[in-house]
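Trainee: I would like a close look at a single part of this chain, a helix and what lies around it. Could you take me through it slowly, and then show me how that part sits in the whole?

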Amino acid sequence: MQRHTIDPRPGWQQTVEAQGLIYPLTRYPDDSLRPYWDESAYYSFTLPEVEALEEVVEELHGMCLAAAAHIVDKDRFADLGIEDPRLAKLIAESWRRRDELPSLYGRFDLHYDGTGPAKMLEYNADTPTSLVEAASPQWFWMEERFPGADQWNSLHERLVAAWKRQAPLLPPGAPLHFAHSAGDELGEDLMTVAYLEETAQQAGLETVAISMEDIGWDRLSGRFVDQRLRFMRACFKLYPWEWLATDDFGPYVLDTLDNGGGTGSTLWIEPAWKMLLSNKALLAILWELYPGHPNLLPAYLDGPRELAHTRGYVAKPLLGREGAGVTLHEPGAEPVLRGPEDPCCYQELAPLPDFDGNRVVLGAWVVEDEAAGLGIRESAGPVTDEYARFLPHVIR
């Protein structure tokens with residue numbers, strides 16, 4: 001794994017915008033605009049490195065599924081902050097009937113610098129973003145800058161194939177709605193959903209785009225409807241389940257949740273059991289089930305334990321995103337425990353690899369149960385946040 005500097009292509013911004021990346025710049029607190037898509041540098045990997053990372057990702061995914069089964073079998077929903085017994089019951093039912101429910105994709109965030117085993121930082125299996133840039137613009141960048149090179153990137157083909165395989169699980173005769181929040185100012189959620197809708201269309205599915213705010217509730221029929229008052233039988237939502245289940249319309253979601261084989265209900269994609277994999281408590285349960293695993297970092301729910309005095313620790317909110325609420329604690333400092341009103345996971349501190357002053361995290365994609373591609377984000381600070389940059393890569 002190496003980082004290389006390179007001159008950006010003339011007109012790069014217009015190029016990537018035409019390829020669906022309509023958010024190529026990030027506005028900083030000083031009101032300046034700086035590249036989010038950053039092609040002034042790129043990373044290269046050897047083929048054996050990528051093959052080894054693919055194996056790690058698929059092993060981690062299998063371990064996460066085993067952890068989900070453990071949570072359900074041992075009724076450990078409280079460890080995830082899921083206190084509503086009705087929601088827990090529906091998640092458990094969703095898990096037990098998972099073979100009947102479409103489930104598309106997820107993204108592992110990995111600590112890796114090319115010199116040791118990759119370490120799992122977290123898993124977003126419910127609402128992962130940075131998909132558009134990983135699937136499309138970086139592939140076209142490679143073809144233009146390095147013709148004949150290769151890339152860890154089979155995302156598009158695998159997504160289309162996944163929709164084709166899962167089409168029989170969708171309600172017959174009904175379109176598949178694709179929903180995102182209208183409050184998405186940058187357009188990232190909009191374009192992620194639009195891209196996934198395009199892959200579904202290429203798989204032969206009939207689709208309808210809608211914002212979450214435009215989904216209606218028909219009190220007479222007891223069903224969710226779109227703007228044309230069509231019953232929404234199935235909906236892909238880029239909207240976290242913890243919001244979907246607790247918003248004002250959350251009770252209706254739970255009342256009409258199709259966990260497989262239901263009629264008169266709404267089938268949501270991703271399914272409810274994905275809540276088990278996107279919760280940071282998963283990190284502690286994985287360490288409990290697989291202590292000492294080379295691709296895991298020690299993690300606990302009741303406090304940092306020995307980490308406070310050895311390697312240091314990171315406190316992560318169970319449902320945090322883009323680094324929000326994450327705090328870093330060096331070894332030897334007095335442990336800071338969060339109360340029950342702010343539950344978190346305490347994970348060993350693993351400073352992000354530093355390449356020429358840039359802190360890097362690998363985003364490894366899974367489609368269905370297979371490793372499917374790589375996206376790389378860099379940041380100036382120790383936490384990957386909303387100011388991170390996306391850099392392309394090649395296999396040399």
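Mentor: Let us begin with a term: helices, of at least four residues, and strands, of at least two, are runs assigned by DSSP and numbered from the N terminus. With that numbering we can place G148, which is found in the loop between α5 and α6 (155-166), and please keep in mind throughout that this is a predicted model.

The part to look at closely is helix α5, which spans residues 137-145 and in which P137, Q138, W141 and M142 are buried. These four cover an arc of only 140 degrees around the axis, which puts them on the same side of α5. What lies over that side? The cover of the buried residues of α5 includes two helices, α1 (12-18) and α4 (131-135), together with the strands β4 (41-45), β19 (370-379), β20 (389-391) and β21 (393-395).

Two of those covering strands, β4 and β21, also belong to an open sheet of 3 strands, whose order is β1-β4-β21 and whose pairing is mixed. In this sheet β1 (2-5) and β21 stand at the edges, and each has a single partner strand, so one side of each is left without a neighbour in the sheet. From one strand to the next, the twist averages 30 degrees. If you follow β4 and β21 along their shared border, you will find that they pair in the parallel sense over 3 bridges, and that F45 has I395, a residue of β21, as its bridge partner.

Now return to the loop that comes after α5, where G148 is found. Whereas W141 in the helix is buried, G148 is exposed, with a relative accessible area of 84%; a residue needs over 50% to be called exposed and under 20% to be called buried. The C-alpha atom of G148 is separated by 39 Å from that of L349, a residue 201 positions away along the chain.

Some other loops deserve a careful look at their backbone, and for them a general expectation helps: most residues other than glycine have a negative phi, and most peptide bonds are trans. D31, in the loop between β2 (25-27) and β3 (33-35), has a positive phi, near 75 degrees, although this residue is not glycine. D31 is also exposed, with a relative accessible area of 51%. L229, which lies in the loop between β10 (223-225) and β11 (234-237), likewise has a positive phi, near 65 degrees, and with 67% relative accessibility L229 counts as exposed. As for the peptide bonds, a cis one joins I269 and E270, with omega at about 5 degrees, and E270 has its place in the loop between β12 (267-269) and α10 (281-289).

Finally, step back to the whole chain, which has 10 helices and 21 strands. Its radius of gyration is 21 Å, close to the 21 Å that the globule rule gives for 396 residues, so the chain is as compact as a globular protein of that length. Along the principal axes, the C-alpha atoms fill a box of roughly 60 × 50 × 40 Å. Of the 396 residues, 56% count as buried, and among contacts with a separation of 6 or more, 71% come from residues 24 or more positions apart. The area that the chain exposes is about 16,700 Å², and carbon and sulfur atoms supply 51% of it.

Terms used. Residues numbered from 1 in each chain as written. Predicted model: local features only at pLDDT ≥ 70, side-chain atom pairs only at ≥ 80, totals over all residues. Heavy atoms only, no water. Buried < 20%, exposed > 50% of the residue type's maximum accessible area, 1.4 Å probe, protein only. Arc of directions from axis to C-beta. Contact = heavy atoms within 4.5 Å. Pairing = 2+ DSSP bridges. Axes fitted to C-alpha atoms, helices over the stretch in contact; angles between N-to-C directions. Rg over C-alpha atoms; globule rule 2.2 N^0.38 Å. Areas by Shrake-Rupley, 256 points an atom, 1.4 Å probe, with all protein chains shown as cover.
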